[in-house]
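Open the model in your viewer and show it as a cartoon. Keep the selection panel at hand for the stops below.

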Amino acid sequence: MYDVLVVGSANADLTVRVARRPGAGETVLGTDLMESAGGKGANQAAAAARIGGRTALLARVGGDAYGELLLAAQRAAGTDVAPVIVDEDARTGTAMIIVGPDGDNSIVVSPGANAALTPDDVAAAKDVIAASSVVSLQLEIPMETVRAAVAAAGEAGTRVVLNPSPAPEDLDRELLAAADPLVVNEHEARQLSRHTDGTPAEWAAALRERGARSVVVTLGGDGALVLDDAGTTAVPGVRVKAVDTTGAGDAFTGALATRLAGGATLPDAARFAVRVGAAAVTKPGAQPSYPTTEELAQLPELPEQPQQP
């Protein structure tokens, strides 16, 4: 039995820090290259496992050194990697990351083995899906594989947490209707709600009207906004010094899924996830920055009651 099964991508993150990001046609010098474990799916699994969630990962990696790096990182976090498929003839997915002095990043992803994760792989893992309380999904794998995972979760009665990132031009109603919640950042919320202006509460309402069962809009240092059957809840942020924002959204989503699997309400799960996301930005890298429950205790506490917008 798992709290969270993550179906998604696994990438090797190749990170360089720069004093400023280059413009078109420009070359700038950066720091030494840092190689670490990443990928939205693997990130979410590592985040969930490090805070004590019983976690498994369904992904594809290549039979190369980066694949070994990713598997070792998951094992170290406490993730069950039995469902991970090692494709000896493929290259492991990679992400090229440039981090500026403010901690913000620009990322280019080469999918590699992630592009070969198929609906057949999902079908082969149907027993794992049925044994999980929550299935967490993103969009760094083929869309037909995401749809297959949603369908399998529906058949098993497993809750779906959907983080539609990278954001598509549109998201069909089948996927929206399965999302409980749909987890989006501000850019994704604007695009998928078809509202170029407005507020996070308006974007969330539009996404729910389009079919999402519930919505969480992440707001970086400002926390998150939650919309579910109980109404709209604004969750305040935790003020920290940001070193590197890479993977912070994945840390949030992995923590959110874990708390939901344990029976928490969506606002309470989001309050916990905001703390995990805040802790993640205080260290460089994605998975290497994810906190344990003991490390979370060092952060300032949020107000006891969620704020109402």
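Start with Gly38. Setting aside neighbours within four places in sequence, Gly38 touches Ala10, Asn11, Asp13, Asn43, Leu70 and Gln287. Bear in mind that this is a predicted model. Gly38 sits in strand β3, which covers residues 34-38. Is Gly38 buried or exposed? Its relative accessibility is 0%, so Gly38 counts as buried; the cut-off for buried is under 20%. Now add Thr94 to the selection. Gly38 and Thr94 lie 56 residues apart in sequence, yet their C-alpha atoms are 8.3 Å apart in space.

**Next stop: the cavity**

Rolling a probe the size of a water molecule over the atoms shows where empty space is left. How many cavities of 30 Å³ or more are there? The count is one. The largest cavity has a volume of about 40 Å³. To see its walls, select Ala10, Ala42, Leu57, Ala59, Val61, Leu70, Leu71, Gln74 and Val84. Two of these names are familiar: Ala10 and Leu70 are in the lining, and both are also contacts of Gly38. Colour the lining by residue type. Eight residues are nonpolar, one is polar and none is charged. Now highlight helix α2, residues 65-77. Helix α2 gives the largest share of the lining, with three residues.

**Next stop: helix α7**

Select residues 186-193, which form α7. Begin at the start of the helix. There, a side-chain oxygen of Asn185 comes to within 3.2 Å of the backbone nitrogen of His187. Then pick out Glu188, Ala189, Leu192 and Ser193, the buried residues of α7. Turn the view to look down the axis of α7. The buried residues fall within an arc of 110 degrees, so they line one face of the helix. What covers them? The cover includes β11 (179-185), α8 (200-209) and β12 (215-218). Step just past the end of α7 to find Arg194, with a positive phi of about 65 degrees.

**Last stop: helix α8**

Move on to α8. Which residues of α8 are buried? They are Trp203, Ala204, Ala206 and Leu207. Look down this axis too. The buried residues of α8 fall within an arc of 160 degrees, so they line one face of the helix. Show β11, α7, β12 and β13 (224-228), which are among the elements that cover them. The two helices thus appear in each other's cover: α8 for α7, and α7 for α8. Finish on Gly211, which follows α8 and has a positive phi near 135 degrees.

Terms used: Residues numbered from 1 in each chain as written. Predicted model: local features only at pLDDT ≥ 70, side-chain atom pairs only at ≥ 80, totals over all residues. Heavy atoms only, no water. 1 Å grid on protein atoms, 1.4 Å probe; cavity = no way out; pocket = protein on both sides within 12 Å on 5 of 7 lines; lining within 4 Å. Points joined across faces, edges and corners; volume = space filled by probe spheres on them. Helix = DSSP H or I, 4+ residues; strand = E, 2+ residues; numbered from the N terminus. Nonpolar A, V, L, I, M, F, W, Y, C, P; charged D, E, K, R; others polar. Buried < 20%, exposed > 50% of the residue type's maximum accessible area, 1.4 Å probe, protein only. Arc of directions from axis to C-beta. Contact = heavy atoms within 4.5 Å. Polar contact = N/O pair within 3.5 Å; in protein donor to acceptor, adjacent residues only side chain to side chain.
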